[in-house]
Each structure stands twice: as structure tokens, then as C-alpha cells.
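Open the model in your viewer and keep the selection panel at hand. The tour goes from one chain to its contacts, then to the core and a single helix.

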Number of protein chains: 4
Amino acid sequence: MTSILVIYASDYGNTEKMAQAATDAIAALADTTVVMKKAEDVTADDFTGSDGVLIGTPVHMGSMDWRIKKMIDTVCSGLWMQDKLNGKVVGVFASGGGFGGAGGGVELTFLAMLNNFAELGMIFVPLPKMIEGYKKGGLQWGPYGRSADEDMNHGGVSEEVLALTGKHGVHLARAAKALKEADIFA
Amino acid sequence: MTSILVIYASDYGNTEKMAQAATDAIAALADTTVVMKKAEDVTADDFTGSDGVLIGTPVHMGSMDWRIKKMIDTVCSGLWMQDKLNGKVVGVFASGGGFGGAGGGVELTFLAMLNNFAELGMIFVPLPKMIEGYKKGGLQWGPYGRSADEDMNHGGVSEEVLALTGKHGVHLARAAKALKEADIFA
Amino acid sequence: MTSILVIYASDYGNTEKMAQAATDAIAALADTTVVMKKAEDVTADDFTGSDGVLIGTPVHMGSMDWRIKKMIDTVCSGLWMQDKLNGKVVGVFASGGGFGGAGGGVELTFLAMLNNFAELGMIFVPLPKMIEGYKKGGLQWGPYGRSADEDMNHGGVSEEVLALTGKHGVHLARAAKALKEADIFA
Amino acid sequence: MTSILVIYASDYGNTEKMAQAATDAIAALADTTVVMKKAEDVTADDFTGSDGVLIGTPVHMGSMDWRIKKMIDTVCSGLWMQDKLNGKVVGVFASGGGFGGAGGGVELTFLAMLNNFAELGMIFVPLPKMIEGYKKGGLQWGPYGRSADEDMNHGGVSEEVLALTGKHGVHLARAAKALKEADIFA
């Protein structure tokens, strides 16, 4: 059995919808369980009990939501001290207004989260451009859901991006399963 | 009169010492005032009332302390919406254990903070290698105070790094003065 | 007199058009001269003779064109050793297909270039969101010209982005003038 | 049989020594072949014929050696267009003088290379802090060999870092084997 933890923060529900889409897609896989939690509710046991983590955030001023960062500082740092998560798998996703048409800081947002997971010794699964839905909602680091158009009309994330995020979750779960058995840092 | 705001978060006092060193050096300049505040106490008026901001953080899992991020999400994002800080000046510094000998994630920590300040339209002052003290405490983005050696003996940040941070504050104040009068985004 | 150096690499002419737009806008300023050069033609004297540098690249696999990198390794590294460019000013711009709708790696492309200029002790001018044209062609780090739409129809960079890049060049020239007189690292 | 490709650029032989240490350690594994090549000699077939890639560079002005970038622009971009490398595995290492004690730009150097490999759909293996040798030669993104001390005495990379790089290569080969069979992006 492979266990996946989906973590998110959300202001207006867009990132939450993406988290739900990933959770639903992962839940439909054989031999796989999935738990979805808000960042402020995640415990050390949630991390140690999972084989892979998918984490999503709104883009706030070019970095992750502070509630994600608080979880990292207060929960993940202890797990790093104890070398508890080495060899598990991680993937990322985000939502944002997209003002400017160049991602609005989503790339550094992903990397600020990934730095934590690299320190935790976790293996990173990117988003290849061939995955259906990438065209309007992808960056190589993970799915990016635009919640608004360039005039800042807030239509919310598209069905296409939700489906893309579901596929991203499935890839992550497959990688978690393959790497769980491999124990590469033994 | 040029006004500088020094912002910091600190766990064991190392980043605070660096903030104090910068504050003292700036206070000694002619025609310059300086205010030093913890991130959780900073208000929108503190930002709008200053010509330059120097901000320091401990490195936590490869990014800034969550209290800095909370300030960014709750105070800076509103200032961004209103285009309030364009053309002001920013500089950064950090402290960390330094385990591994390659900065321990300080570079992305600086960039996670700088992404916020770039969005705010603020002009960035780096740390040139010729500045005295760089040799043991510098990265091109700003001063880095090591609070421990590689065996994790916690001796605290050195006098050399505190002096370097003071010089960095002085450069920032000079840039703030020059750019205040220029109004480059007019 | 303030001297600006505009550097670029270009494959299909889009980045070159942006470089030309910036050059034209800077040339129209009083008391300002501007030189525009391909990366492979830039010499150490071009850098030392200028007060500010504006540099543009196509986004290639999430980083700058290799010809820009060759110039950095072979020309800039020597200037770094000799501390020759401290206190000058830098700005960046880029073009790219924009596939995925999240910048396609332009953010790290900008930062890969900026790391060089931070090491050179140069002061960085960002692109505030209030500047006209940002809406469809901006990132906080600089203008981003999309050469194609999401179906990869190559229409080339828009007039709006060219105008935005011109304004960015003007801001840079103003900052170069203000900081030239300030000598902040003295 | 698992096939690993080790790619490097080197100026004074330090990065080459690290590449050789990784190659030797991988060659000693059962059911594994390894090829080591300079960046300028790598072909598209070298990439498509391998299950994992380990790549190393000197840190030059905060980013990869231009010969690595040339390979990315001229060889990898075509493989990206054709979606040829999705699901393969990648790891990174670097060498540098280490002036300043904070990595000297190695973190963004790693990320500039990783952006290319994320675009190629490759899965990333980090360096956990528990691996022996990390203490004096590690960053979460990969091994970092210091070729000089802070007074710029060039002693070359240490045996400890070479051993660490060998272990990093072994982890990569294990991950490549596990993921080759998993076909996670199918």
C-alpha cells in the first residue's frame, strides 16, 4: 500500500480545488491511500506515515503562503534534524492571479518550497510538457492554476488545470510506490 | 533626511545582533534616521515612511522565517496592490548554522525575500566581494552570519560579520538617499 | 553624461527588437549615450565605460542563451576579480514562447543572469507592476516578450511589450545617473 | 541493465575529479554501466541511451560553465521538443573556490541546471544531510567541492568530497533503476 499526503493552503478556494482534484485522482488508484490536509493541521506523523507528499500554495508576493512556511519551520525542521523523510517523494502545484503573463513569481514560489523538501532528502517529480493540459496551466516544476485573467476577472481555476493536477498526483503516487521499494539512500 | 527601516526575525539572537550592528552603523550617518523592528511589529506606515529597507532572517529549511513571510503576506501585499513602495531601496542579510559549507540554503532564502521586494518595485543593493569582511561572511546577495561551525558548535556570529553587516547598512542608506531624489519610476 | 550598454542575444529577432526598443528610448534622453551590442561582441571596456547595463536573452531551457553565459565566463569574471563594476546599475529583459502560461522558466533565467551582476556589485532595477504594459508582458524582474501564443503561433513580441521595454531602459538610465554621482560603495 | 551518463565541464581538474569519483563508484555496481563525457562531446544519443544523468560544473559567476549551457541549448532543447527524456533521473554536483563561506552562488548554479532537467521531465535526486561527508561538502541539491580555502589557497577538492560524490552517484543509479521499471508518466 502506498500512502500519499496532500497539503495545501488556500484563500479563496482555488488551491483547495486543485488539492481536491489531485486527491480524487490518487484515491482512484489501486493499492494507494491518500489524506488531504490544510497546512496548519499537518503533524510530523502525517509526514512520516506517507510515502509521498504533494503540496500546493497560492502565490503570495513571489513565495509560498505563510501558513505553509509556518508548517515547514515548526514541523519539517524537526523531521530534518532526525533524518526522517529521506527517499520519500514530493511534487508541487500552485494557483495565482497570473498578472503580467509570466507566472507572477510562481517559479521562485515552487523553489522556496522545494528547498525544504530537498533538505528533507525527498525526490522531486516535475511536470513534463507532454502531459495533457500543460499548454495553458503548466510550468516544468508543477501545475499552475490561474484564478484570474489579465484584467483580473476572477473566474477561478479551469477544469483543464484541475485535470492536469490530478494527473500530476497520479505520477507522484507511482513514483512514491517505485521508490519506496528501492530504498535508494540505504 | 533619509529614513531606513531595519526588519528582522530571530530565534537565538544572531540575526538580531546583525540587525543591531546595521542599525548602529546607519544611525551614525549624517542626515539619516533608522528604526529597527521585529517582523511581527512592522506596519504599513513603517514601510511607507522609510526610504530604504534592510531585512534579515535566520535560514530555516532554505527559506525565510515564517514570521517574515507572514509580514509579507499581511502587510506588503496590500502595499503592492497600491503601488506604494516603488523606487525605494532594499538590502538583505541572514544567519544560519552553515552545515555543509555551501551556505545551507541561504541563497534561495535571500531570493525568496527579494521576490517580494522586486514585486514592490524596490531597487536592490548587493554586497560586493571587495567589502572588508566578505571573505568569511559574504554572499553576493548580502551578509551571511554563521552561528555555528561545521561540527555545530554554536559560537554565534563573529565580530567580523557584524562589522560587514554594518557596512552593508551604510551602503543601503547611501543608495536610498541618492535614489530618493531621483524618482526613477516617475 | 550617463552611458548605458544594451547587451543581447537573439535567435529569431525578438530579443533584438526588445533591445532596439530600449536603446531607442534611452537615446532620446538628455545627457545620455547608449551602445547596443550582441553578447559575443562585448568587451571588458564596454562594461567599464558604461554606468549601467541592460541585458536581454531568449529563454532557453530555463536559463540564458549560452552566448550570454560565454560572455559572462570570459569577460565578466575578469572584471569581478578586479572589482571593476561595483556600484553600476543593471536591468534585465527576455523573450520566450511562453508555452504553459507560467513564464516557461523566465524567472530563473533572470536570476541566473542577475547572480552574475550581483557578484559584480551592480545595483538592480526591477519592473514595478504599475508601469503601462506590465499587464501582458511583465514579471517583477523585468519585461518578458512572448514570441508565440499558447498554440505556438509565432506572431513575435507585441508593440506593447516593446514600449514597456523602452520604459524599463529609461528607468535604468535614470538610476544609473543618480547612483553614478552617489558612489555608495566608497 | 541500468545506464548512467556522467557529464562535466572542468577548468583546473577539480570538477573532473568529482566526475571520475562518481563514475568509478557507479561502475562498481551490479547490472549498471556508466559513461563519462565532457559537455562538448555529449550527443543526443548519449542522453536517450541512458536511464540517469549526473552532471557537474564549476561555479562561474553564480551559474554553470558556458560549455554546459551550450550543450543544453544545442542538444537538450531538441530532446525537449521531442519529449525524449521524461521519467529519467538526474543529479548534480559542482566545484568552486568557496570565497565568502556561503557557497559563492552554487545554489543558483544547481537550479540553473535543474531548470533544464525539469523541463526535460527528469526526476531529481537530492543529497540528504545524513550522507557521510556532507558536513564539509554538501548542499541539499548536491555535493559541492571546494577547490580553495578562504584565503584562496588552491588545495583542490578533498578526498572526503570525492567519496561523497561517489555515494551521490550510487543513489542516482539506484533511483534510475527503480524508476526505469515504473514508467510513471505513461
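## Stop 1: chain A alone

Select chain A and colour by burial: buried residues make up 68% of its 186 residues. Bear in mind that this is a predicted model.

Switch to cartoon. Chain A has six helices and seven strands. Trace them from the N terminus and the order reads β-α-β-α-β-α-β-α-β-α-β-β-α.

Now check the dimensions. Along the principal axes, the C-alpha atoms of chain A fill a box of roughly 50 × 35 × 25 Å. Does the radius of gyration of chain A agree with a compact globule or disagree? A compact globule with 186 residues would have a value near 16 Å; chain A has 15 Å, which agrees.

Turn on a contact map if you have one. Among the contacts in chain A with a separation of 6 or more, 78% join residues 24 or more positions apart.

## Stop 2: chains A and B

Add chain B. How many residues does each chain bring to the contact? Chain A gives 20 residues and chain B gives 20 residues. On the side of chain A that touches chain B, select helix 3 (66-81) and helix 4 (106-119); these are the elements that give two or more residues. Helix 3 of chain A has the largest share, eight residues. Colour that side by residue class: eight nonpolar, seven polar and five charged.

Next, superpose the pair. A rotation of 180 degrees, with 0.0 Å of shift along its axis, lays chain A on chain B at an RMSD of 0.0 Å. That is the relation of a two-fold axis. The same surface serves both copies, since 100% of the contact residues of chain A recur in chain B.

## Stop 3: chains D and A

Hide chain B and show chain D. Here 25 residues of chain D are in contact with 25 residues of chain A. On the side of chain D that touches chain A, helix 4 (106-119), strand 5 (123-124) and helix 6 (159-180) of chain D each supply at least two residues. Helix 6 of chain D gives the most, with five residues. By class, that side of chain D holds 16 nonpolar, five polar and four charged residues.

Superpose again. A turn of 180 degrees and a shift of 0.0 Å along the axis put chain D on chain A with an RMSD of 0.0 Å. Which residue of chain D comes closest to the rotation axis? Centre on D:F124, whose C-alpha lies at 2.5 Å from the axis. Again the same surface serves both copies: 100% of the contact residues of chain D recur in chain A.

## Stop 4: the nonpolar core

Show every chain. The largest nonpolar core has 269 residues. Label the members that touch the most others: A:A175, A:L179, B:A175, C:A175, C:L179, D:A175 and D:L179.

Zoom to B:A175. Leave out its neighbours within four places in sequence, and its contacts in chain B are B:G52, B:V89 and B:V125. In chain C, B:A175 is in contact with C:I123, C:L179, C:A182 and C:I184.

## Stop 5: helix 1 of chain C

Finish with residues 14-27 of chain C. This helix 1 has 14 residues and reaches 20 Å from its first C-alpha to its last, close to the 20 Å expected. Ten of the 14 residues are buried, so helix 1 of chain C is largely enclosed by the rest of the structure. Among the buried ones are C:N14, C:K17, C:M18 and C:I26. To see what covers them, show elements of chain C including strand 1 (2-8), strand 4 (89-96) and helix 6 (159-180).

Terms used: Residues numbered from 1 in each chain as written. Chains lettered and ligands numbered in written order. Predicted model: local features only at pLDDT ≥ 70, side-chain atom pairs only at ≥ 80, totals over all residues. Contact = placed C-beta atoms within 7 Å. Helix = DSSP H or I, 4+ residues; strand = E, 2+ residues; numbered from the N terminus. Nonpolar A, V, L, I, M, F, W, Y, C, P; charged D, E, K, R; others polar. Least-squares fit on C-alpha atoms with pLDDT ≥ 70 in both. Core = buried A, V, L, I, M, F, W, Y, C linked by C-beta atoms within 7 Å. Buried ≥ 20, exposed ≤ 12 C-beta atoms within 10 Å, placed from the backbone. Expected span 1.5 Å × (residues − 1). Rg over C-alpha atoms; globule rule 2.2 N^0.38 Å.
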